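Let's take a look at how helices in this chain place their residues. Have the sequence and the model at hand as you read.

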Amino acid sequence: MHATMLKKIDKSALKIGMFVEDFVGQWDSNSPVRRRFMITSPSELAHLRSSPAITAVIINSARGEDAMASETASSSPAPAEPASLDKRECLIKIGSSSKALATLFEGLAAERSVDLAKVNSIASDVQDMMEKEPLALIGATRIKSKDQVTFQHSIAVSALMMHLAAHLGYSNGKVRLMGVAGLLHDIGKTRIPDEVLNKSGKLSQEELQIIRDHPKLGYEILKDDPHVPDVVKDICLHHHEKLDGTGYPDGLSGSEISEYVRLSTICDVYDAVTSHRPYKKRWTHRDAVEFMLLEKSAFDRNMLHAFFDSLEALG
Ligand SMILES: [Fe+2]
Ligand SMILES: [Fe+2]
């Protein structure tokens, strides 16, 4: 029998066969990853060790391998590890993707057409990050600075949409299409004054209506552009529709809402509720799951489960 079953150890001391009870670090209660599991593979081990959001791990020695006394985490700060580079790199990449998207959105005012090649290249960068460092990308995009909210949200939604699309077995072309749609879905927000968009207090009816105009405003920007795929236009106009007909702007319901739009609404709402915004605190992953399951009449249920599975698969 072990005197202490729960031990906090440095992530570098993790071994295959250890039973993970919880994580310590920025990760904490907002992790989209399952907890309480046995580490069974080298890749799982490498993943945990290199995850920048985790600083230490609570293991349960009654359910798995124990740690040597010397490996128990001390209060001294852990030495810098290459893993932190991944996060830094990821933050830099998100920053540059976000900037590229901002430039692109700004350019719209002058040119009135979307540089689709540019959107594709941003989507390709996001896809690349999502494949290599999904946890760092999802973690880093939880916090959105005031002036970058729309861009960082667009990048996060793009990443989540591509991840879910790949999880659903979509072709590479369709996965990328979902990424492009994610980047452009809120493009109409560029037509809404910042003081309304970023207001921290309660919105008046009038302000709410202005914000609710963004799908239509976005669609106006894209609709006559022959290079923008119809699916992207559909997602831009309808990503606030709900299956039960209570959404906007058209109050569509059921089969009127395409599969791609359904996919987008799930990723959009998930990112919105789990993010820090200037005007609200974020919810934990668990809160978001609970809320979305309760709102089941709004979402495609099968797709919702696939989405949660796709996040669990990251761990
Ligand atoms: Fe939106
Ligand atoms: Fe959105």
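In helix α13, Leu-304, Phe-307 and Leu-311 are buried (20 or more other C-beta atoms within 10 Å of a residue's own, with exposed meaning 12 or fewer, partly exposed in between, and C-beta atoms placed from the backbone). Looking down the axis of α13, these buried residues fall within an arc of 60°, so they line one face of the helix; the arc is that of the directions from the helix axis to the C-beta atoms. The face turned away from them carries the exposed residues Asn-302, His-305, Asp-309 and Glu-312. Among what covers the buried residues of α13 are α5 (149–167), α11 (259–274) and α12 (285–294).

This is a predicted model, where local features need pLDDT of at least 70, side-chain atom pairs count only at pLDDT 80 or more, and totals for chains, interfaces and linings use all residues. Residues are numbered from 1 along each chain as its sequence is written, while chains are lettered from A and ligands numbered from 1 in the order in which they are written.

Helix α3 can be read in a similar way. Its buried residues include Val-119, Ile-122 and Met-130. Down the axis of α3, the buried residues fall within an arc of 165°, so they line one face. On the other side, Ala-117 and Asp-128 are exposed.

| Helix | Residues | End-to-end C-alpha distance | Expected span |
|---|---|---|---|
| α3 | 116–132 | 24 Å | 24 Å |
| α13 | 301–312 | 17 Å | 16 Å |

The expected span is 1.5 Å times one less than the number of residues.

Overall, the chain has 13 helices and 4 strands (DSSP runs numbered from the N terminus: H or I of at least four residues, E of at least two). Of its 315 residues, 37% count as buried.

Methods
Two residues are in contact if their C-beta atoms, placed from the backbone, lie within 7 Å.
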